Amino acid sequence: MGTIIAWIIIGGLAGWIGSKIMKRDAQMGIIANIAAGIVGAFVVGWLVSFFTNSEGGAMPQAFSIPGILAAIVGACLVIWLVSLVSGRSNRGTRV
């Protein structure tokens, strides 16, 4: 239970910082920030384990500098991907 709470806190912080970096803070709420941070951390963790050929031991702990940085980078990646998808769908509907 403590790990889940830690990732919600770190995810929210990472998502908020990521939304500031990507200049999307005005469009995002707290739930979107938490989701972007948590999903981003898992994406970066998967990429690290994929490229280092490790079995899940490569991802740092939540309350560590590398863990927070990984979550921020991942949040930026998730926000960027979401803006690409939503940007394309919006362009097609405008007249």
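Q: Let's start with the term itself: what counts as a helix or a strand here?
A: Helices and strands are taken as DSSP runs and numbered from the N terminus. A helix needs at least four residues, and a strand needs at least two.

Q: How many helices and strands does the protein chain have?
A: This is a predicted model, so please read everything below as a description of that prediction. Read along the sequence, the chain follows the pattern α-α-α. That fits the count of three helices and zero strands.

Q: What share of the residues in the protein chain is buried?
A: Buried means under 20% relative accessible area. The chain has 95 residues, and the buried part of them comes to 34%.

Q: What part of the accessible surface belongs to carbon and sulfur atoms?
A: The accessible surface of the protein chain comes to about 6,300 Å². Of this area, the carbon and sulfur atoms hold 71%.

Q: Among contacts with a separation of 6 or more, what percentage joins residues 24 or more positions apart?
A: Here a contact means heavy atoms within 4.5 Å. Among the contacts in the chain with a separation of 6 or more, residues 24 or more positions apart account for 67%.

Q: Which elements give two or more residues to the largest nonpolar core?
A: The largest nonpolar core has seven residues: Trp-7, Ile-10, Ala-14, Ala-41, Ala-71, Ile-72 and Cys-76. The elements that give two or more residues to this core are helix H1 (2-21) and H3.

Q: How many residues does the other core have?
A: Apart from the largest core lies another one. Among its members are Met-28, Ala-75, Val-78 and Ile-79. In full, this core has five residues.

Q: Is Asn-33 buried or exposed?
A: Asn-33 lies in helix H2 (residues 30-52). Leaving out residues up to four places away in sequence, Asn-33 touches Gly-11, Gly-12, Gly-15, Trp-16, Ser-19, Asp-25 and Met-28. Its relative accessibility is 6%, and the cut-off is under 20%, so Asn-33 counts as buried.

Q: Why does Lys-23 count as exposed?
A: Lys-23 is found in the loop between H1 and H2. Its phi is near 55 degrees, a positive value in a residue other than glycine. Exposed means over 50% relative accessible area. Lys-23 passes that mark because its relative accessibility is 69%.

Q: Which residues does Met-22 contact, leaving aside its neighbours within four places in sequence?
A: Met-22 is also found in the loop between H1 and H2. At 27% relative accessibility, Met-22 counts as partly exposed. With those neighbours left aside, its contacts are Cys-76, Ile-79 and Trp-80.

Q: What distance separates the C-alpha atoms of Met-22 and Trp-80?
A: Trp-80 is found in helix H3 (residues 65-93), while Met-22 sits in the loop between H1 and H2. Along the chain the two are 58 residues apart. In space, C-alpha to C-alpha, the separation is 7.4 Å.

Q: How far is the backbone oxygen of Trp-80 from a polar atom of the side chain of Ser-83?
A: Ser-83 lies in helix H3, as does Trp-80. At 19% relative accessibility, Ser-83 counts as buried because the cut-off is under 20%. From the backbone oxygen of Trp-80 to a polar atom of the Ser-83 side chain, the distance is 2.8 Å.

Q: Which residues make the nonpolar surface patch of about 370 Å²?
A: Trp-80 is partly exposed, with a relative accessible area of 42%. Leu-81 is placed in helix H3, and at 42% relative accessibility Leu-81 counts as partly exposed. A patch residue needs over 30% relative accessible area, so both values clear that cut-off. The patch is made by Trp-80, Leu-81, Leu-84 and Val-85.

How values were computed: Residues are numbered from 1 along each chain as its sequence is written. This is a predicted model: local features need pLDDT of at least 70, side-chain atom pairs count only at pLDDT 80 or more; totals for chains, interfaces and linings use all residues. Side-chain values use heavy atoms; hydrogens and water are left out. Buried means under 20% relative accessible area, exposed over 50%, partly exposed in between (1.4 Å probe, protein chains only). Accessible areas come from the Shrake-Rupley method with a 1.4 Å probe; for residues, only the protein chains shown count as cover. A nonpolar core is a set of buried Ala, Val, Leu, Ile, Met, Phe, Trp, Tyr and Cys residues joined through side-chain atoms within 4.5 Å. A polar contact is a pair of N or O atoms within 3.5 Å; within protein, one must be able to donate a hydrogen and the other to accept it, and residues adjacent in sequence count only if both atoms are side-chain atoms. Patches are made of residues with over 30% relative accessible area and no salt bridge: like charges are joined within 9 Å, nonpolar side chains (Val, Leu, Ile, Met, Phe, Trp, Tyr) within 5 Å. A salt bridge is a side-chain nitrogen of Lys or Arg within 4 Å of a carboxyl oxygen of Asp or Glu.
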